[in-house]
Amino acid sequence: MPVPNSPVNVSSTGFAIIKVRSEAQGYVVLEERLSSIFEQGPQRRVSVALNNGTASGTFVAPTGWSVIDFALHPSGDITVALAELRNLRLVRLDRFAKIRYELALTDPQAPQDPYFDYDGGVKDDTAMVPVIMRDAIRLVPLGDDLGVTLRTGRNAVVTYRYNSGVDGYTRAWRTLVEPGTSMALRALRDGSFDTFGQLESHFRVTFDADPNGNMAVGVVGATNHSSLFEAHAHYFGEPIHAAYGILVTRLSSSGTRLGTTLVDTGRISEVHSLRAAHGNFAMVGRVFSEKRGDGSGWNAYAAIVDGAGGALRSYKVLDVDRGDALFDIAPLALRRYVVGGTTGYTQNPDGTSISEDGQPLLAVLEEDGSLRQRVTFPSGARQNQVRSLWLHTNGNWLVGGLVNGPGTHSGDAARSLITADGFVRETSVTVP
């Protein structure tokens with residue numbers, strides 16, 4: 001990772017930056033070399049820099065494994081989640097990306113988790129990773145301890161707390177968030193790149209914790225692609241009257257399940273981020289809100305779930321410019337939110353093909369999730385995306401993302417066009 005100037009202004013040629021976090025002495029980014037749908041992925045690495053601008057280390061996965069996510073602890077230590085075809089591993093790094101210790105993330109209870117088969121699909125009872133994809137584990141720091149949410153090979157969603165010690169992690173508790181169920185892969189009719197991860201979005205999990213250690217997990221339900229709603233209703237005795245949407249489950253700091261909230265999106269949708277904010281849990285993503293001939297029917301949305309009681313406080317569809325998607329949300333002053341994403345793209349109204357064009361979207365939302373104003377942000381060639389937002393130690397925002405990204409068909413004839421250049425830019429977000 002190149003050495004930045006002050007304020008932070010980093011470019012990463014050939015790697016998108018999909019996550020950025022900072023603490024008192026430095027910041028960490030998750031970089032991804034984009035891969036076609038015909039390649040094994042994701043291809044990610046963790047890069048670390050000190051606040052004085054010195055690049056201090058990079059961690060890459062061993063052969064056969066993929067870096068999936070990381071958590072940055074207040075001490076400056078970093079925990080990285082690794083996945084291979086069936087197994088998971090946690091790796092604890094110091095602030096220079098050197099390994100302190102490792103732990104194979106195993107769970108003897110996982111093969112016995114309840115499973116509801118409605119529509120067939122694929123599963124692997126003894127795997128800690130879904131058969132379809134690896135990108136199904138998320139980490140959050142709990143001080144120097146760790147919260148983990150993942151989807152197993154049985155397609156169940158499970159959350160854990162791991163306590164950290166001098167020599168390693170020990171599991172404190174385990175909570176089944178969603179039972180296993182039949183799930184199916186979405187597919188491209190043609191094309192070579194999954195621009196927003198839409199083919200696998202229903203397998204992914206979103207996850208965060210508030211300052212008191214209370215947690216929330218968000219997962220997508222999609223008729224014809226998963227039986228999440230049916231399995232949830234059967235196992236928990238909580239009927240779900242929706243065809244598409246997100247289930248948000250809140251957990252106490254001790255792992256007790258507090259309840260599940262339905263965000264009914266009406267049509268097929270994706271959730272890209274869930275963050276604790278203002279005593280609530282806020283989610284963003286995109287939803288196919290209307291079929292339009294010009295391909296502009298995909299809009300962004302923001303949903304706010306009450307952190308205490310679980311009520312759905314608001315759900316707002318945001319139409320900025322043609323196609324819109326939001327990838328991250330974070331709390332701002334006056335109970336507002338700052339969000340990042342992309343806008344101005346189009347998608348085949350009868351399929352999954354996304355255009356190569358798209359502009360960066362940085363914006364401020366009101367307390368209820370409605371759009372207050374768009375914030376000017378520099379753009380580059382092809383797909384532009386703001387992927388990650390983090391409040392830096394000096395009160396400015398670190399904004400991570402990509403320019404020069406591909407559309408669905410960019411690499412059909414030339415694999416070299418499936419590429420992107422990442423950035424981290426320090427910026428202020430002020431609202432009059």
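This is a tour of selected places in a predicted model, to be followed with the structure open in a viewer.

**Stop 1: a four-stranded sheet**

Select strands β16, β17, β18 and β19. They form an open sheet in the order β16-β17-β18-β19, with antiparallel pairing. The edges are β16 (206-209) and β19, each of which pairs on one side only. On average, neighbouring strands of this sheet are turned by 20° against each other, direction ignored.

Now add helix α1, residues 228-236. Which strands does helix α1 touch as it packs on the sheet? The helix touches β17 (215-222), β18 and β19, and its direction makes about 40° with that of β18.

**Stop 2: the β18-β19 hairpin**

Stay with the sheet and keep β18 (residues 244-251) and β19 (residues 257-264) in view. These two strands run antiparallel and are joined by seven bridges. In general, strands of a sheet pair through backbone hydrogen bonds, either parallel or antiparallel.

To see the register, select threonine 249, which stands opposite threonine 260 in β19. Then select arginine 250, whose bridge partner in β19 is glycine 259. Together the two strands form a hairpin, with five residues between them. In the turn, select glycine 255, which has a positive phi of about 95°.

**Stop 3: serine 269**

Move along the chain to serine 269, which is in strand β20 (residues 269-277). Is serine 269 buried or exposed? Serine 269 has a relative accessibility of 3%, so it counts as buried; the cut-off for buried is under 20%.

Show the side chains of serine 269 and threonine 265: a polar contact of 2.9 Å joins them. Then look at what surrounds serine 269, leaving aside neighbours within four places in sequence. The residues in contact with serine 269 are then Val220, Gly245, Ile246, Arg286, Val287 and Tyr301.

**Stop 4: a stacked aromatic pair**

Next come the aromatic rings. How many aromatic pairs does a search of the whole structure find? The search finds nine. For one of them, select phenylalanine 288 and tryptophan 298, a stacked pair with 5.2 Å centre to centre and 25° between the planes. Phenylalanine 288 is in strand β21 (residues 280-288) and tryptophan 298 is in strand β22 (residues 298-306), 10 residues apart. Both residues are buried.

**Stop 5: a tilted pair and an arginine**

Now select phenylalanine 377 and phenylalanine 423. They form a tilted aromatic pair, with 5.6 Å centre to centre and 40° between the planes. This pair links distant parts of the chain, 46 residues apart: phenylalanine 377 is in the loop between β27 (371-375) and β28 (383-391), while phenylalanine 423 is in strand β30 (residues 421-427). Phenylalanine 377 has a relative accessible area of 12% and is buried. Phenylalanine 423, at 3% relative accessibility, also counts as buried.

Keep phenylalanine 423 selected and add arginine 425. This arginine lies over the face of phenylalanine 423, at 4.3 Å from the ring centre. For another arginine over a ring, select arginine 387, which lies over the face of phenylalanine 327 at 4.8 Å from the ring centre.

**Stop 6: a tyrosine cluster**

Select Tyr101, Tyr160, Tyr162 and Tyr169, which form one aromatic cluster.

**Stop 7: backbone details**

Switch to the backbone and select glycine 41 and proline 42. The peptide bond from glycine 41 to proline 42 is cis, with omega near -5°. Proline 42 lies in the loop between β3 (26-33) and β4 (43-50).

Then select asparagine 155, in the loop between β12 (145-151) and β13 (157-164). Its phi is near 70°, a positive value in a residue other than glycine. Asparagine 155 counts as buried because its relative accessibility is 1%.

Finish at asparagine 404, in strand β29 (residues 397-405). The phi of asparagine 404 is also positive, near 60°. How accessible is asparagine 404, buried or partly exposed? Asparagine 404 has a relative accessible area of 22%, so it is partly exposed.

Key. Residues are numbered from 1 along each chain as its sequence is written. This is a predicted model: local features need pLDDT of at least 70, side-chain atom pairs count only at pLDDT 80 or more; totals for chains, interfaces and linings use all residues. Side-chain values use heavy atoms; hydrogens and water are left out. Buried means under 20% relative accessible area, exposed over 50%, partly exposed in between (1.4 Å probe, protein chains only). A polar contact is a pair of N or O atoms within 3.5 Å; within protein, one must be able to donate a hydrogen and the other to accept it, and residues adjacent in sequence count only if both atoms are side-chain atoms. Contact means heavy atoms within 4.5 Å. Two strands pair if DSSP finds at least two bridges between them. Rings of Phe, Tyr and Trp (its six-membered ring) pair if their centres lie within 6.5 Å; planes under 30 degrees apart count as stacked, over 60 as edge-to-face and the rest as tilted. A charge sits over a ring if NZ of Lys or CZ of Arg is within 6 Å of the ring centre and within 35 degrees of the ring normal. Axes are lines fitted to C-alpha atoms, for helices over the stretch in contact, and angles run from 0 to 180 degrees between N-to-C directions.
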